[in-house]
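Trainee: I am new to this structure and would like a close look at how its helices and strands are packed. Please go slowly and explain each term as you use it.

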Amino acid sequence: MTSVPRICILGGGFGGLYTALRLNQLVWDNGQKPEITLIDRQTSFVFTPLLYELITGEMQGWEIAPPFAELLKGTDIRFIQGSVDYVDKTQKSVTLEDGTELEYDRLVLALGCETPSESVAGVKDYAIPFRSIQDAYKLDEQLRVLEASTTEKIRIAIVGAGYSGVEVACKLADRLKARGRVRLIQSRDTILPDAPKFNRDAALKALEQRGIWVDLETTVSEITADSIGLIYKDQTDIIPVEIVMWTVGNQVSPALSHFGLPLNAQGKITTTDTLQVTDNLEIYALGDAAAILDSTNESIPSTAQVAFQQADFVAWNIWSSLTDRPLLTFRYTNLGEMMTLGNDNAVLSGMGIQFDGPLAYLARRLVYLYRLPTLDHQLKVGLNWLTQPLVKLLS
Ligand SMILES: Cc1cc2nc3c(=O)[nH]c(=O)nc-3n(C[C@H](O)[C@H](O)[C@H](O)COP(=O)(O)OP(=O)(O)OC[C@H]3O[C@@H](n4cnc5c(N)ncnc54)[C@H](O)[C@@H]3O)c2cc1C
């Protein structure tokens with residue numbers, strides 16, 4: 001190892017960015033502060049739980065997707081925009097698509113997941129996923145064109161009635177109001193199969209109040225530029241639509257399979273309970289791309305809440321490993337879950353409490369404000385929330 005340890009963090013999402021920020025805050029003995037490099041293919045972090053607010057214009061892009069350059073200002077973290085191509089664990093080096101090579105003493109893998117688009121014909125070409133800021137802007141752009149057109153009814157099919165599908169549906173219905181025809185398509189016999197009953201009931205009420213049509217036990221045969229094929233009880237119906245949203249599935253980045261690391265059946269990286277990659281102890285993995293079990297050997301869900309908690313442990317364990325201290329076992333604390341269900345409406349359950357409506361909307365907003373990556377960004381966004389009603393009143 002060189003005199004200054006080099007930590008390379010791949011992926012600047014909830015796992016990678018928060019690990020970098022935490023590492024930067026830790027106290028290092030005798031000038032041993034490592035060189036921390038964060039690599040992401042995008043220029044901005046995305047706070048995905050608030051992405052829905054872009055549909056209704058409740059929030060702006062800069063609040064949800066602040067540039068890394070801005071978030072890392074004043075820290076010792078170096079940011080490189082680039083796509084990770086290869087990890088050579090023998091040479092302890094990372095190669096980016098443009099040929100840049102970086103050596104590491106500790107590596108953090110936090111490359112997240114993607115929405116698969118190969119399962120049904122037409123998804124890749126005609127449907128919009130809802131995962132990145134670009135997806136949200138693309139949806140907004142198509143909606144603006146339709147809203148400015150003479151089209152009487154704007155028909156939208158959302159495939160997948162998990163959290164994203166339900167939340168997108170409510171926001172779209174609130175944006176389009178009487179002009180919208182929103183349809184939610186779900187292969188299973190219920191929406192939100194993994195959600196607490198209280199949240200599912202609140203979501204069902206919100207969908208019903210907005211006139212959103214829910215197709216259960218329905219699968220998709222094909223998507224074209226202006227239609228979607230729906231299969232229900234072996235019968236296929238072709239429905240005309242203006243927009244199809246695809247919110248189904250979580251697939252790890254195909255790049256991971258080339259790194260020669262241990263993967264589980266879903267292609268996720270397997271780790272020890274200290275979040276080190278099995279048999280590769282100088283490499284750490286967290287977030288959606290890591291297969292991590294809780295203390296009862298159940299797998300932990302792929303959520304921002306999990307990645308956020310793991311980031312603290314990864315940062316601490318890297319610090320411990322470089323300063324000859326014992327490593328900590330990761331323990332997940334389920335703090336519950338929140339969903340946005342349209343304008344001024346949300347549902348929240350966890351830690352023994354559950355409520356919905358405008359109060360839940362406010363609580364969700366405040367929790368997420370507190371979770372934004374840096375104090376500086378929290379203050380900017382918080383101030384904007386306080387002053388925006390005043391600006392609107394005066395304009
Ligand atoms: C719309 C939406 C809403 C969500 N809402 C919630 C919620 O309310 N609560 C909750 O707990 N969870 C929520 N989630 C889930 C949450 O976003 C993920 O669980 C979390 O982001 C996982 O963190 P991660 O660091 O593993 O991955 P990510 O946050 O996805 O970060 C991965 C990063 O790696 C980068 N990357 C990928 N491949 C490469 C490459 N080859 N080279 C360079 N960079 C690369 C990506 O650009 C990205 O920045 C939501 C997800 C979505 C899509």
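Mentor: An axis here is a line fitted to C-alpha atoms, for helices over the stretch in contact, and angles run from 0 to 180 degrees between N-to-C directions. This is a predicted model, in which local features need pLDDT of at least 70 and side-chain atom pairs count only at pLDDT 80 or more, while totals for chains, interfaces and linings use all residues. Residues are numbered from 1 along each chain as its sequence is written.

Take helix 7 (residues 163-176) and helix 8 (residues 197-209), whose axes come within 10 Å and cross at roughly 35 degrees; helices (H or I, at least four residues) and strands (E, at least two) are DSSP runs numbered from the N terminus. Their crossing is left-handed, a word used if the near helix is turned anticlockwise from the far one by less than a right angle. Helix 7 brings V166, A169 and C170 to the contact, and helix 8 answers with A203, A206 and L207, where contact is a pair of C-beta atoms, placed from the backbone, within 7 Å. By class, this contact holds six nonpolar, no polar and no charged residues; Ala, Val, Leu, Ile, Met, Phe, Trp, Tyr, Cys and Pro count as nonpolar, Asp, Glu, Lys and Arg as charged, and the others, Gly among them, as polar.

A helix can also pack on a sheet, and an open sheet of three strands, in the order 22-23-24 with antiparallel pairing, provides the example; two strands pair if DSSP finds at least two bridges between them. Strand 22 (337-340) and strand 24 (353-357) stand at its edges with a single partner strand each, so one side of each is left without a neighbour in the sheet. Neighbouring strands of this sheet are turned by 5 degrees against each other on average, direction ignored. Between strand 22 and strand 23 (residues 346-350), which run antiparallel, there are four bridges, and E337 has S349 of strand 23 as its bridge partner. Helix 10 (residues 358-371) packs on this sheet, touching strand 22, strand 23 and strand 24, and its direction makes about 70 degrees with that of strand 23.

For one more antiparallel pair, look at strand 4 (residues 84-88) and strand 5 (residues 93-96), which are joined by four bridges, with V84 partnered by L96 of strand 5. Four residues lie between the strands of this hairpin, in which K92 takes a positive phi near 55 degrees.

Definitions and conventions:
Two residues are in contact if their C-beta atoms, placed from the backbone, lie within 7 Å.
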